[in-house]
Every structure is written in structure tokens, then in C-alpha cells.
Amino acid sequence: MTDTEKFLVTARQVITDEAQALNALAESLDERFAEAVQLILQAKGRIIVSGIGKSGHIGHKIAATLASTGTPAYFVHPAEASHGDLGMLSEGDVVLAISNSGEAPELANLLSFTRRFSIPLIGLSSKMDSTLMKQADVHLQIPSLGEACGFGMVPSISTTLTLAMGDALAIALMKHRDFRPENFRDFHPGGKLGAQLSKVRDLMHAGDALPLVSGDTPMADALIEISQKGFGVAGVAATDGSLAGIITDGDLRRHMDGLLNKTAAEVMTASPATIAPGAMAQEAVAVMNQRKITCLFVVDPDNGQKAEGLLHIHDCLRAGLG
């Protein structure tokens, strides 16, 4: 067997072992998981996650996932907790302590603090008879299935199961709170994810930048509006302020004969495609791609269909959408 083949055999075995362990974790979940979710939902404060070593690294990720999905949380290092960071805990908080063995000595002061001040404690461990689980109010147990190295020395299966349990907690809480993509964007305004979760109102042009004329505007003036605003289009407002139509380059070509003797209402395309300001920007991109157009007027159905903005495909591309 070549080295390449050996590497692949080992890698596939690790992944297979971890996948089987995840299935075992899913089968093992019971009412204790629901108790943990309910305890967190009832918390008036934050979720304090703590752990040492690899459990601490996983704890950092769990705290970040909770915080980004609507459950205020932060990580407290157990060693730092013993040197003043216990002051971060307060009445109304819930502590999620992580230790595969349940015997990490660094957690001792943190556990004692929760007992002394009646701060609810969720223990996450593979050992139900451990110090951590004996003191915990609610128990999240992961199956004790060894580690992928075969010697029980390299945290792998145990950390995978711990991470999965944290993800399960966060997403169960998120779904119960009806936490939606638009809420998610509030915590992820930057990067590719922020772009994907942008709303139309975040990218649209509004106010004085909006190319808008009335229906009785002479086309000579409408052409000036189109040229000055630089989008190649103009919206046509009805007498009640609603968007009656849109003038595009195609409309100009179709009415070239005697164009300057006509009004905006005579040239416009009535009932154009529009988008609501609260719609996801990705939805607007899909509409523009489907209709083979480069911009959409933004109208609010709750405000008399009045034109509130204009979204151009270039705005979406600059934001990372396409």
C-alpha cells in the first residue's frame, strides 16, 4: 500500500468513526436536552460558556454561535475566572460548563461560584458520575466512544460531539425564537454573508438621487432627469404619488418619432416590475436576471405603492451579490 493510500484509509476511517458517533449522539438525546433549552430560554441574562483546553476551543465556537443566532452569550476562560473574571457572572445568567471528563480542576472555582450564588449550571460531559455532572442542574451527556486516534488520547470524536451538541442547542433556540435571516444579518453585517443577507433598502438609491417625474412632464424635461440621475431610467409618478410607470431606453426608441412632443405618461411602460424595500437583495437580483433588466424601482406596498428608491444591478454586484 502506498503512502497516499494509507493516508486516505486513515482519513476515511476518522470521518466514518465521527459520523457514527454523531448518529449515536442523535439517538441518545432525551428530555434533558429540552430542559437545557428551556433553562436558557428562561434566562434573563446571558449564557456564559466555559471550558479548558480543547473543550475551551469548542466553547468559544459555541458561545459565538449562540450570540450570532439570538442568544446573548460569551466565553469565560476558567483560569481567568479564578482571577477576577467571575465578576462577569451575575444573577439571571446561565453557565454552560464543558469538560469531556467532567473533572477539569480549572473549572472548580467557577462551579463553586454558581452553587454559591444560585446561578443555573448546565454540564456538558461524557461522564455522568463526574464532579461537573454531579453539581450541574441540567445534564447534556455525549456518548463516551473513545477517540478517532484509537488510543483515546487525541480529542477528536469527543470534540466533534461537543460541537454538534452546541450547534443543536443554538439552532433549537433560534427556531423557537423564530430567528429569521433578516435578524441574522443584524449580527453579520460584513463579508459575503452580510451581502447575502442585505435588504433592498440597504442598497437602494433614494431621496434626491431618485429619477422621478410626473405623468404630465414633457419628455424634454424627462430626458434631462434621466441624464442627470445617471441610471438610464426614470420613474413616472401618478397624481396620488404611486408609481404609474417607468421610462427606459427601450421606451425612448419605440417613441422616437415625435418624442419631444410627448409627455412622460405617453412614453412610459405602465405597471413595471418593482420590489419592496424589505425584500432581500438576492430576491431583487433574481427578478432582474429573470426579466433581463438592470434596475428595479422600490415601492412600499404599505405606503400607497409610492416610489421610495431605485436598485441597480451594479449596486448588488458591488455588494458581492450576483
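1. Let me start with the term that matters for the charged pairs: a salt bridge is counted here when a side-chain nitrogen of Lys or Arg lies within 4 Å of a carboxyl oxygen of Asp or Glu. Lys229 and Glu225 fit that description, their closest N and O atoms being 2.8 Å apart. Please keep in mind throughout that this is a predicted model.

2. Staying with that pair, both residues belong to helix H11 (residues 219-229), where they are 4 residues apart and so separated by about one helical turn. Their surroundings are worth a look too: Lys229 is partly exposed at 24% relative accessibility, whereas Glu225 is buried, with a relative accessible area of 14%. The cut-off for buried is under 20%, so Glu225 falls below it.

3. How many salt bridges does the rule give? The count comes to 6. One of them joins the side chains of Arg115 and Asp137, at 2.9 Å from N to O. Arg115 sits in helix H5 (residues 108-116), while Asp137 is in the loop between helix H6 (131-135) and S5, so this pair ties together parts that are 22 residues apart in sequence. Arg115 is partly exposed, with a relative accessible area of 29%, and Asp137 is also partly exposed, at 43%.

4. A further salt bridge links Asp30 with Arg32, with 3.1 Å from N to O. Asp30 is partly exposed here, its relative accessible area being 31%.

5. Now to the sheet. Five strands form an open sheet in the order S2-S1-S3-S4-S5, and the pairing is parallel. Which strands stand at the edges? They are S2 (73-75) and S5 (138-141); each has a single partner strand, so one side of each is left without a neighbour in the sheet. On average, neighbouring strands are turned by 20° against each other, direction ignored.

6. Within the sheet, the pairing of S1 and S3 is a good place to zoom in. Strand S1 (residues 47-51) runs parallel to strand S3 (residues 94-98), and 5 bridges join the two. Val49 stands opposite Leu96 in S3.

7. Finally, two helices to view against the strands. Helix H3 (residues 54-68) lies across S1, S2 and S3, and runs at about 160° to S2. Helix H7 (residues 157-176) also packs on the sheet, where it touches S3, strand S4 (121-125) and S5. The direction of H7 makes about 130° with that of S5. Strand S3 therefore appears in the list for H3 and in the list for H7, with the helices and strands taken as DSSP runs.

Technical notes. Residues are numbered from 1 along each chain as its sequence is written. This is a predicted model: local features need pLDDT of at least 70, side-chain atom pairs count only at pLDDT 80 or more; totals for chains, interfaces and linings use all residues. Side-chain values use heavy atoms; hydrogens and water are left out. Two strands pair if DSSP finds at least two bridges between them. Axes are lines fitted to C-alpha atoms, for helices over the stretch in contact, and angles run from 0 to 180 degrees between N-to-C directions. Contact means heavy atoms within 4.5 Å. Buried means under 20% relative accessible area, exposed over 50%, partly exposed in between (1.4 Å probe, protein chains only).
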